[in-house]
Amino acid sequence: MGAFHSNPAEQTYRDLAEKTGFSVEQIWILHNRFKQLSHDEEMLRRDDFKAIPDLACNPIRSQIIEAFFDQRNFQTNSDGTAHEIGFEEFLTVMSYFRPPSLNMTQEEKEDLRRAKLRFLFNMHDTDNDGTITLEEYRHVVEELLSRSGAIGQETAKGITDAAMLEVASTSVGHMGPDDVYEGITFEHFLKVCHPFPAVKGKLQLILTAFVHTLFPHYRPRLYIGYTGVHWA
Amino acid sequence: MTSRAMTLAGLFLLLLTPGTGGSQVPGTDGAGDHGGPHGLDGHGANATNKAFPVLSFDYKHVQMPFEISLWVLLASLMKLGFHLIPRLSSIVPESCLLIVVGLLVGGLIRVVGEDPPILGSQLFFLCLLPPIILDAGYFLPIRPFTENVGTILMFAVVGTLWNAFFVGGLLYGVCQLEGTHLGRVDLMACLLFGSIISAVDPVAVLAVFEEIHINELLHILVFGESLLNDAVTVVLYHLFEEFAAAGGVTIKDVFLGIVCFLVVALGGILVGAIYGVLAAFTSRFTSHTRVIEPLFVFLYSYMAYLSAEVFHLSGIMALIACGAVMRPYVEANISHKSHTTIKYFLKMWSSVSETLIFIFLGVSTVAGQHHWNWTFVICTVILCLVARVLGVVGLTFMINKFRIVKLTTKDQFIIAYGGLRGAIAFSLGYLLDKVHFPMRDMFLTAIITVIFFTVFVQGMTIRPLVDLLAVKKKQETKRSINEEIHTQFLDHLLTGIEDICGHYGHHHWKDKLNRFNKKYVKKCLIAGERSKEPQLIAFYHKMEMKQAIELVESGGGVKIPSAMPSTVSMQNIQPKKPTERALPQLSKSREEEIRKILRTNLQKTRQRLRSYNRHTLVADPYEDGWNDMFLKRRRVMELGKKISELNNYLTVPAPAPDSPTMARARLASEFQPLYIKPKSDSIPTIQVDLASPQSPDSVNMVDEFNKPSKPTEAEEEEGLMMKAPSSSADQKERKRDKEDGVEQQRLARCLSDPGPSAEDDEDEPFLP
């Protein structure tokens with residue numbers, strides 16, 4: 001591991017590594033990215049996210065940005081939204097996207113998976129009442145179709161209705177004519193998401209940032225490959 | 001059935017033998033019946049007046065097509081026969097049975113004294129192989145393929161290279177041993193043999209794997225490998241052939257070989273992609289000539305294959321690329337019937353091809369001259385197995401570091417065991433020049449032995465092994481709208497997170513490609529409005545269409561779009577609106593009665609297999625006979641009459657003529673399944689909601705209500721519908737309901753079913 005001098009920064013990194021499950025090197029890379037996005041300030045704001053050029057064409061951009069400021073995702077048992085976030089919160093949100101490490105037990109993997117699905121659920125459940133109602137789901141579909149103009153509006157309704165019906169049918173099974181299905185709770189959400197092979201494997205990102213492309217002047221070059229840390 | 005078919009075939013074949021004698025009927029010039037009058041004229045001068053030939057026998061001029069047809073007929077009858085024998089098809093894979101039949105037929109021909117035909121490379125590569133590959137390429141499941149493309153390429157390229165060199169090298173070592181009398185076989189020839197025998201064969205893999213229904217991942221891995229290793233095989237084959245003829249190998253040649261590989265693979269894909277784009281572009285203009293649409297698909301693909309073969313590029317990869325590239329655009333452009341035609345023709349041709357290939361393999365075994373050398377053959381078989389196992393294990397070890405979903409030991413075993421060899425190896429061996437390769441017969445014998453071993457032993461035992469090891473089977477779930485929504489959402493989410501990280505990963509590039517596709521490519525290649533339709537909407541329409549047709553077929557019963565019958569309905573989902581007026585309450589018993597009647601007509605959603613299994617062509621709702629629909633309609637009418645006693649009515653909005661897309665969008669927004677809404681007076685309201693294609697024949701249903709005296713007529717015209725005799729008291733309420741119906745967005749449509757005859761002019765292109 002060579003040239004890292006022991007300094008307070010490294011200690012913080014180690015603490016963060018313990019907390020979020022990233023490796024120290026990955027945290028270092030993400031911190032650099034954080035500093036780049038926030039223009040070297042301590043806190044990151046929504047405008048900083050909106051300034052990312054590639055994110056502009058993403059149809060669910062606003063929901064992604066909101067997810068970073070949603071206090072439910074900070075694992076601090078608090079609610080509401082923050083105006084600005086620090087690096088620790090940024091890292092916490094990013095930690096939902098790391099793959100399960102090889103030395104995790106089955107239970108830890110289950111917990112991680114549950115946490116990821118909870119993150120996804122929180123993205124849909126904007127009013128934080130614990131259920132995804134028809135309106136919220138419709139909002140999701142509308143966002144997905146937001147690039148298709150007028151057709152999107154009408155069809156979104158139909159698609160949402162059909163989707164909700166499906167979830168209700170699979171999770172609840174039998175309902176009388178007077179019962180009202182309030183919305184998708186987290187348990188139903190788990191049930192619905194469970195058989196999808198796409199969802200199971202998908203919610204992870206393998207961080208392989210080539211640092212020297214971001215910071216060409218930095219020496220020595222450090223990059224994290226798939227198999228660990230290497231010095232170049 | 002088989003024995004009868006065999007005797008029939010045998011009889012036909014016996015008829016063939018005197019056929020070579022040609023026509024020996026007196027009085028003709030050898031031109032058959034048509035020659036009769038001339039014959040008479042010509043021989044007019046002769047003393048003897050020959051009789052007018054009423055019946056003559058001239059086989060020669062139809063011999064070629066006759067024999068081809070006979071072979072195809074035989075193959076089809078065999079296929080038929082196997083499935084009539086109940087237990088046989090579950091124990092023995094079809095490929096084995098067909099080879100056995102081929103052996104028998106070959107033996108029969110030999111006994112008769114004729115020379116049995118050999119599976120010629122020309123016939124094989126130009127006629128029999130392309131349909132199978134096109135079928136595979138056109139229906140290739142793109143998403144799992146692209147997700148695993150790295151793994152597939154590793155197996156295809158590195159795995160095949162490893163196999164070739166391992167087998168070839170060790171065989172050379174074996175040949176050099178003193179006791180084997182194989183000293184003549186030099187290194188190049190061994191390596192060439194290794195390269196021929198090392199490639200996993202798509203035909204054999206398809207034939208066996210389709211019957212065992214393993215999970216999608218393993219299927220796409222082995223199958224994808226068998227398709228993509230063609231490039232490697234082609235290059236190695238030509239390379240070693242050249243080297244063997246030339247003699248020496250230099251470093252420059254090795255380097256050129258690598259370059260050649262890249263050219264062959266990428267060139268093949270490029271050729272295929274060009275033809276695919278051409279086909280997509282052509283299909284944009286076919287709205288007036290629907291009938292020949294399938295022809296364009298087939299012709300362009302075949303041209304891609306042949307063009308690639310001209311330059312010795314990989315024809316298989318060209319074909320796959322062509323099919324995969326053209327499919328999304330062509331399917332958006334062509335009519336629903338053309339889509340069905342393409343699917344069925346491809347399945348039919350590939351099925352026949354596969355059958356013929358295996359039969360011919362059997363025949364060729366009997367026909368060929370063999371040179372059996374115990375050492376060589378046994379060593380080949382053993383080395384092939386060992387090479388395969390070692391290759392798979394080693395590669396998986398390396399690949400698992402990069403994969404999110406790792407490959408387990410069970411997966412590795414199936415991948416290794418599924419490496420079947422087939423007719424491609426045989427044909428390549430057959431192509432060898434006898435002059436340069438005097439040991440060609442020995443090679444052919446060894447190749448055939450390996451093929452027999454893999455197809456018979458591995459093919460027959462893989463199914464019990466899969467069961468024994470409890471390998472995950474294919475999940476028979478229908479792709480649901482929720483899954484589609486989530487998949488798309490996740491794609492965008494992961495792309496967004498990648499952008500935030502500043503890391504250009506897999507999702508970033510995929511997203512860029514999709515955007516490029518949407519912005520430029522779709523506009524060029526898809527006609528009209530459909531180019532703008534986003535994927536989610538297209539998927540939803542497709543799902544809707546299927547459900548609508550299922551609804552008709554289920555006899556008008558309750559149709560809820562879920563896998564399980566449940567009593568959840570739309571009203572449970574919709575939030576209670578304050579504007580809901582007081583509705584007539586239905587007595588509980590009556591409601592129960594109605595529900596019971598409707599539920600007895602409920603049919604479960606058919607489980608759809610998500611693959612292109614050739615043997616059990618998926619029962620597509622599009623395909624079911626219209627005749628069945630007429631019968632069901634009659635049943636529905638009876639049901640309707642029964643229910644009409646309970647005073648039901650239907651609220652329908654006025655259909656408005658507009659573009660297909662808007663019609664579809666409207667359908668989408670109004671599509672709601674059947675439900676029962678309690679009413680305040682004893683009128684149970686059953687609103688049947690059926691998505692329907694907007695056709696010019698649909699009648700304005702609102703008007704229909706003002707003519708209550710003709711319910712049956714409207715039913716005849718409009719198909720599924722339940723009419724109610726209206727009473728004056730209901731009229732007002734109904735009118736009010738109609739307006740409210742529009743407001744509450746509980747709209748319904750009738751399924752217009754003008755029947756097959758009326759469909760000739762209406763050929764609305766349905767989205768697939």
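His492(B) is found in helix H20 of chain B, which spans residues 481–501. The model in which this residue sits is a predicted one. With a relative accessible area of 17%, His492(B) falls under the 20% limit and is therefore classed as buried. Once neighbours within four places in sequence are left aside, the contacts of His492(B) involve both chains: Asn58(A), Pro59(A), Ile60(A), Ile64(A) and Leu144(A) from chain A, and Asp511(B) from chain B.

The two chains were described by their secondary structure, burial, contacts and accessible surface. Chain A contains 11 helices and 6 strands. Its length is 232 residues, and 51% of them count as buried. Among the contacts in chain A with a separation of 6 or more, 51% are between residues 24 or more positions apart. The accessible surface of chain A is about 11100 Å², and carbon and sulfur atoms hold 52% of that area.

For chain B the assignment gives 30 helices and 2 strands. Chain B has 768 residues, of which 55% are buried. Pairs 24 or more positions apart supply 83% of the contacts in chain B with a separation of 6 or more. About 33800 Å² of chain B is exposed, with 66% of this area belonging to carbon and sulfur atoms.

Two helix pairs of chain B were examined. Packed helices of this kind are described by the angle between their axes and by the distance between the axes. In the first pair, helix H10 (residues 202–212) of chain B packs against helix H11 (residues 216–246) of chain B at an angle of about 160°, and the axes are 8 Å apart. Angles over 145 degrees count as roughly antiparallel, so H10(B) is roughly antiparallel to H11(B). The crossing of these two helices, H10(B) and H11(B), is left-handed. On the H10(B) side the contact is made by Pro202(B), Val205(B), Leu206(B) and Phe209(B), and on the H11(B) side by His219(B), Val222(B), Phe223(B), Ser226(B) and Leu227(B). Sorted by class, the residues of the contact between H10(B) and H11(B) comprise 7 nonpolar, 2 polar and no charged ones.

The loop between H10 and H11 of chain B contains His213(B). Although His213(B) is not a glycine, its phi is positive, at about 55°. Most residues other than glycine have a negative phi. The relative accessibility of His213(B) is 28%, and the residue counts as partly exposed.

A positive phi also occurs in chain A. His39(A), a residue other than glycine, has a phi near 55°. The residue His39(A) lies in the loop that joins helix H2 (24–37) to strand S1 (44–45) of chain A. Its relative accessible area is 58%, and His39(A) is accordingly exposed.

The second helix pair consists of helix H9 (residues 187–198) of chain B and helix H19 (residues 440–469) of chain B, whose axes come within 11 Å and cross at roughly 30°. An angle under 35 degrees is taken as roughly parallel, and H9(B) and H19(B) are therefore roughly parallel to each other. H9(B) passes H19(B) in a right-handed crossing. The contact is formed by Ala189(B), Phe193(B), Ile196(B) and Ile197(B) of H9(B) together with Phe443(B), Ala446(B), Ile447(B) and Val450(B) of H19(B). By class, the contact of H9(B) with H19(B) has 8 nonpolar residues, no polar and no charged ones.

Pairs distant in sequence were also considered. In chain B, Ile109(B) belongs to helix H5 (residues 94–112). Its relative accessibility is 9%, and Ile109(B) counts as buried. The C-alpha atoms of Ile109(B) and Val366(B) are 9.4 Å apart, while the two residues are 257 residues apart in sequence.

In chain A, Gly21(A) lies in the loop between helix H1 (8–20) and H2. The relative accessible area of Gly21(A) is 40%, a value between the limits of 20% and 50%, so that Gly21(A) is partly exposed. Gly21(A) and Leu91(A) are 70 residues apart in sequence, with a C-alpha to C-alpha distance of 9.9 Å. Residues up to four places away in sequence not being counted, Gly21(A) touches Leu16(A) and Arg98(A).

Methods
Residues are numbered from 1 along each chain as its sequence is written. Chains are lettered from A and ligands numbered from 1 in the order in which they are written. This is a predicted model: local features need pLDDT of at least 70, side-chain atom pairs count only at pLDDT 80 or more; totals for chains, interfaces and linings use all residues. Side-chain values use heavy atoms; hydrogens and water are left out. Helices (H or I, at least four residues) and strands (E, at least two) are DSSP runs, numbered from the N terminus. Buried means under 20% relative accessible area, exposed over 50%, partly exposed in between (1.4 Å probe, protein chains only). Contact means heavy atoms within 4.5 Å. Accessible areas come from the Shrake-Rupley method with a 1.4 Å probe; for residues, only the protein chains shown count as cover. Axes are lines fitted to C-alpha atoms, for helices over the stretch in contact, and angles run from 0 to 180 degrees between N-to-C directions. Angles under 35 degrees count as roughly parallel, over 145 as roughly antiparallel, 65 to 115 as roughly perpendicular and the rest as oblique. A crossing is left-handed if the near helix is turned anticlockwise from the far one by less than a right angle, and right-handed if clockwise. Ala, Val, Leu, Ile, Met, Phe, Trp, Tyr, Cys and Pro count as nonpolar, Asp, Glu, Lys and Arg as charged, and the others, Gly among them, as polar.
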